[in-house]
Amino acid sequence: MSSSKVSRRSFIKASSIGAAASSVEASRLIGQDATINVSSTAKPEKLVASKLKPFITPDDNFVDVSRGDPKPHQLPIDKLTEEGLVQETWKLEITGDPFVELPHTKVPTSIEKSMTITDGTAIDFPTLVEMGKEHEVYYFKAMQCLNIQTPLGQGLWSGIPLRNVIKLCGKIKNVRRIYYWGFHNHDLKQIFKSSVSYGQCMETPPGDLPVFLAYKLNGKPISPERGGPVRMVVPWSHGYKSIKWLQHIFLTNDARNNDSYAHGNNDPDSFLKSAAYVDSGPEKIQAGEPIVLSGQVMVGPSGVKSVEYWVREVKPDSKPLNDDSEELLKGPWLPCSLVDPPHWESILPEGVKPNQVLGFDPSTGKPLQWPMKYSMCQYTAVIFDLPTGKYEVRARSIDLNGFAQPEPRPSQKNGKNAIQLRRFEVV
Ligand SMILES: Nc1nc2c(c(=O)[nH]1)N[C@H]1C(S)=C(S)[C@@H](COP(=O)(O)O)O[C@H]1N2
Ligand SMILES: [Mo]
């Protein structure tokens, strides 16, 4: 007993590596008496450290979700150049909807200055760069698909708020929704469009993050695969709002949401959901070795108060569990540790200081909230002394309103946040 106690104590002390561990007695864990194995030799802090991933995902390590035939980022460079998909030739059009359709629209949109390629008024890349001198903003955001559980990647996006770009159009009247789409091989069937309401675009609440036209990811030009040269980024939403290869903005007085995703039985105004996702791990673990649970917690508008885990012993007669089954709700659910913020100076691109990043306190350079809204953060737990047998370990987030995942929105149509699990056997 004593050797494992010592290593646990020294491990808790070693939490300065950025990931404290929670250690609990096996009996408390699985709700029964357990034989404690004394021969633990592996260093849990090393195991935890080996599980940790960088806070920033490099551009080419994101999981890709792109439509198109061919996919725009797979076009050869001269075709990319011809189609305005490189910085040198990129053009953005902004037009208004002249259409009236009773009872939905009574009056058409009017725009003082439209921006079109034919008139030679379309916005080009140098214009965005020039605007950046005054309006450039940066923030961290994780990209997550509405239809895929685990987030696709996380980066520092830089760009110009959409509200500043819309201001270039002068006086606009009767606009209730702002649509935008990207290059689609000139084939209307391939259009993938999305939208925000006028208010969401123009009236960013101070302290919240604006919808913006991103032209940098992690301090570098956005790659063709990530939607460069310019991509819309909508901070609070799933990936389908963050349109790649942006080329057209369309203002309309039709307030209905007609996003491409609305047609696929999705909720086209969904928010990112606070939810914990579980990393995979070894299937077999030697008795006496600590078990490291790790994963990412995504932070939606309702925030993340904590992440919890529950170990269930699986017996031959154990049944699969629903997320609302009594056995699952009962737990016991135990606390995980959230990984501390990284050393910002060493991970931010050159020229960007922590106090310039939106969501950070301008005077201290520290995030106003941890984990940060619309980003993801890693969590860990170290489980000691499980007796031999088969197990499942689950994790769930608790949001700032006290709701445990998958509440408060168990409908998976507005974001997948079912409780994930990992299986392993202690041998
Ligand atoms: N033009 C365009 N933009 C797009 C898509 C697309 O197919 N075409 N896919 C969207 C969806 S559904 C998601 S989840 C994200 C994925 O972003 P990523 O490939 O950079 O990870 O891009 C979004 N932007
Ligand atoms: Mo998606």
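These questions and answers concern a predicted model.

Me: In what order do the strands of the open sheet of 5 strands lie?
Reply: The pairing in this sheet is mixed. Its edge strands are β3 (123–124) and β8 (193–197), each of which pairs on one side only. Read across, the order is β3-β1-β12-β7-β8.

Me: Do strands β1 and β12 run parallel or antiparallel?
Reply: Strand β1 covers residues 91–96 and strand β12 covers residues 246–252. The two are joined by 4 bridges, and their direction is parallel.

Me: Which residue in β12 is the bridge partner of Glu93?
Reply: Strand β1, residues 91–96, is joined to β12, residues 246–252. In β12, the partner of Glu93 is His248.

Me: Are the rings of Tyr240 and Tyr261 stacked or edge-to-face?
Reply: The structure holds 16 aromatic pairs. In the pair of Tyr240 and Tyr261, the ring centres are 4.8 Å apart and the planes meet at 10°. Planes under 30 degrees apart count as stacked. The angle of 10° therefore makes this pair stacked.

Me: How many residues apart are Tyr240 and Tyr261?
Reply: Tyr240 is in the loop between β11 (231–233) and β12, while Tyr261 is in the loop between β12 and β13 (275–278). The pair links distant parts of the chain, and the separation is 21 residues.

Me: Is Tyr240 buried or exposed?
Reply: Buried means under 20% relative accessible area. The relative accessibility of Tyr240 is 4%, so Tyr240 counts as buried. Its ring partner Tyr261, at 8%, is also buried.

Me: What kind of aromatic pair do Trp344 and Trp370 form?
Reply: Trp344 is in helix α9 (residues 344–347), and Trp370 is in the loop between α9 and β19 (376–383). Their rings are 6.1 Å apart, centre to centre, with 70° between the planes. An angle over 60 degrees counts as edge-to-face. The pair of Trp344 and Trp370 is edge-to-face.

Me: Which term, buried or partly exposed, describes Trp370?
Reply: Trp344 has a relative accessible area of 7% and is buried. Buried means under 20%, and exposed means over 50%. Trp370 has 26% relative accessibility, so the term for Trp370 is partly exposed.

Me: What arc do the buried residues Pro44, Glu45, Val48 and Lys51 of helix α3 cover?
Reply: Helix α3 spans residues 44–51, and these four residues in it are buried. On the other side of α3, Lys46 and Ser50 are exposed. The buried residues lie on the same side of α3 because their arc around the axis is only 125°.

Technical notes. Residues are numbered from 1 along each chain as its sequence is written. Chains are lettered from A and ligands numbered from 1 in the order in which they are written. This is a predicted model: local features need pLDDT of at least 70, side-chain atom pairs count only at pLDDT 80 or more; totals for chains, interfaces and linings use all residues. Side-chain values use heavy atoms; hydrogens and water are left out. Two strands pair if DSSP finds at least two bridges between them. Rings of Phe, Tyr and Trp (its six-membered ring) pair if their centres lie within 6.5 Å; planes under 30 degrees apart count as stacked, over 60 as edge-to-face and the rest as tilted. Buried means under 20% relative accessible area, exposed over 50%, partly exposed in between (1.4 Å probe, protein chains only). The arc is that of the directions from the helix axis to the C-beta atoms.
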